[in-house]
Amino acid sequence: MQAPAAPAVIKVTGTSPAENYDVVVGHGLLPRLPGILGERVRKVLVIHPRALRTTGDTVREDLAAAGFTALTAEIPDAEEGKHIQVASFCWQVLGQNDFTRSDAIVAVGGGAVTDVAGFVAATWLRGVKVVHIPTSLLAMVDAAVGGKTGINTAEGKNLVGAFHPPAGVLADLDALATLPPNELVTGMAEVVKCGFIKDGAILDLIEADPAKAVDPGSDVLRELVERSIAVKAEIVSADLKESGRREFLNYGHTLGHAIELAERYQWRHGAAVSVGLVFAAELSRMVGRPDDATADRHKAILETLGLPVSYRRDRWAALLDGMKRDKKSRGDLLRFVVLDGPGRPGILEVPDTSLLFAAYQEIAD
Ligand SMILES: NC(=O)c1ccc[n+]([C@@H]2O[C@H](COP(=O)([O-])OP(=O)(O)OC[C@H]3O[C@@H](n4cnc5c(N)ncnc54)[C@H](O)[C@@H]3O)[C@@H](O)[C@H]2O)c1
Ligand SMILES: O=C(O)C(=O)C[C@@H](O)[C@H](O)[C@H](O)COP(=O)(O)O
Ligand SMILES: [Zn+2]
């Protein structure tokens, strides 16, 4: 048997050198956690979802063996965890256990957990250290990197949050062995997004061997993970607080988030983003931006992976309402990430929603 490749380290630059951090991708990475936490940290709260109790316990035991006072907070699974009451529960645990500014949080789970645990870290005492241990593909390639944290409200997705970069990210590919196949596939939507906005080699790799692309043990998937993280790391290093280029990481998300809300979060984020990507490609085509082959490639590649590419015709009104609350909106002006060509995203301001309706007709079933 071949030994696994050495871990890859992708660097993210913060707003000051002290805020630089590494995203490590590889196998058996847990022993690196104490080093990332550093010597000043005494107490650690490990936040994990109910579904990953065993993994959360393993992390707590390892930290205890390394001399930390380690506790766990078990939170509801998936989007149910991204709720103010869950943040409040975590604040209570931190308060009752006298966590100070030199203590830390470790998030173990999918993107929902890294988002809410990151938010708790951003807000507790106005900011404590957080380390992310993403366990889903989506969290490895996207949610754990870049410092966007957040929770949902009744009005929409991620409407409350803060930018709070982690001290480090351990993307341990071993975790993918237990990830249900459909969760791995939904994570591919963000990988495909990175392919269209920046790194076309991602799309070539998927098209060359779609089965390998979703095989958790394959070198192809590992390369896709590393390339996607590199795309995200480069963009967030240049624009942490989304005053410009970071908006491109929102490609496919304006409609995607509206679908998640319309579905009361019963659709996975990646599935909704998949439909959103096809919609954004159609919108781009309508305003004469990319060539037809680039626009068509969206639907083809996402369909090959088994991701959804259409949505209910009768939900347009609800979707438009949801899209108006997108964080890229400015007053009444809806703003979309579109594609001028492969690897060339741009922003389209849409004062008149008839254009959006026309694009929606192309993806409605
Ligand atoms: N902050 C960001 O930059 C950013 C980026 C992208 C997505 N997100 C957010 O991430 C969330 C989606 O993340 P997700 O797709 O990971 O969903 P998720 O966190 O809901 O996880 C999906 C499911 O997989 C399970 N799971 C995760 N890892 C597992 C493992 N190794 N073995 C078995 N089960 C496992 C989870 O418990 C859950 O049931 C959304 O809330 C989205 O808004 C945030
Ligand atoms: O990191 C970013 O910036 C992104 O937009 C990445 C997205 O994949 C992610 O879903 C993000 O949480 C969406 O951000 P939001 O600002 O629209 O809530
Ligand atoms: Zn996303």
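This report describes a sheet, several helix pairs and the annotated sites of one protein chain, as they appear in a predicted model.

**The sheet**

The strands are a convenient place to begin. Seven of them form an open sheet with mixed pairing, and their order across the sheet is β1-β2-β9-β6-β5-β3-β4. The edges are taken by β1, which covers residues 8–12, and by β4, which covers residues 69–75, and each of these two strands pairs on one side only. From one strand to the next, the sheet twists by an average of 15°. In general, the strands of a sheet pair through backbone hydrogen bonds, and the pairing may be parallel or antiparallel. Within this sheet, strand β5 (residues 104–109) and strand β6 (residues 129–134) run parallel and are joined by six bridges. Opposite histidine 132 in β6 stands alanine 107.

Helices also pack on the sheet. Helix α3, made of residues 84–96, touches β3 (43–49) and β4, and its direction makes about 160° with that of β4. Helix α9 packs on the sheet as well, where it touches β1, β2 (21–26) and β9 (168–172), and its direction makes about 15° with that of β1.

**Three helix pairs**

The table sets out the geometry of three pairs of packed helices.

| Helix pair | Angle between axes | Axis separation |
|---|---|---|
| α6 (residues 181–197) and α9 (residues 219–238) | about 60° | 9 Å apart |
| α10 and α11 (residues 269–286) | roughly 135° | within 7 Å |
| α11 and α14 (residues 354–361) | roughly 120° | within 9 Å |

At about 60°, α6 and α9 are therefore oblique to each other, and α6 passes α9 in a left-handed crossing. On the α6 side the contact is made by Glu190, Val191 and Cys194, while α9 contributes Leu224, Ser228, Val231 and Lys232. Sorted by class, the residues of this contact are four nonpolar, one polar and two charged.

The axes of α10 and α11 cross at roughly 135°, which makes α10 oblique to α11, and α10 passes α11 in a right-handed crossing. From α10 the contact draws on His253, Thr254, Leu255, Gly256, Ile259 and Glu260, and from α11 on His269, Ala272, Val273, Val275, Gly276 and Phe279. This contact has six nonpolar, five polar and one charged residues.

In the remaining pair of the table, with axes crossing at roughly 120°, α11 and α14 are therefore oblique to each other, and the crossing in which α11 passes α14 is right-handed. Phe279, Glu282, Leu283 and Met286 of α11 meet Leu355, Leu356, Ala358, Ala359 and Tyr360 of α14. By class, eight residues of this contact are nonpolar, none is polar and one is charged. Phe279 of α11 thus appears in the contact with α10 and also in the contact with α14.

**Annotated residues**

UniProt, in an unreviewed entry, lists residues 187–329 as "domain: 3-dehydroquinate synthase C-terminal". That span is 66% helix and 0% strand, and its end C-alpha atoms lie 26 Å apart.

An unreviewed UniProt entry also gives the annotation "binding site", which covers Glu190, His253 and His269. These residues span 80 residues in sequence, yet no two of their C-alpha atoms are more than 10.0 Å apart, so they gather at one spot. The helix contacts described above include these residues too: Glu190 belongs to the α6 side of the contact with α9, whereas His253 and His269 take part in the contact of α10 with α11. Histidine 253 lies in α10, a helix of residues 253–262.

Methods. Residues numbered from 1 in each chain as written. Chains lettered and ligands numbered in written order. Predicted model: local features only at pLDDT ≥ 70, side-chain atom pairs only at ≥ 80, totals over all residues. Axes fitted to C-alpha atoms, helices over the stretch in contact; angles between N-to-C directions. Helix = DSSP H or I, 4+ residues; strand = E, 2+ residues; numbered from the N terminus. Parallel < 35°, antiparallel > 145°, perpendicular 65-115°, else oblique. Left-handed = near helix turned anticlockwise from the far one by under 90°. Contact = placed C-beta atoms within 7 Å. Nonpolar A, V, L, I, M, F, W, Y, C, P; charged D, E, K, R; others polar. UniProt positions renumbered as here; feature names shortened; annotations may be inferred. Pairing = 2+ DSSP bridges.
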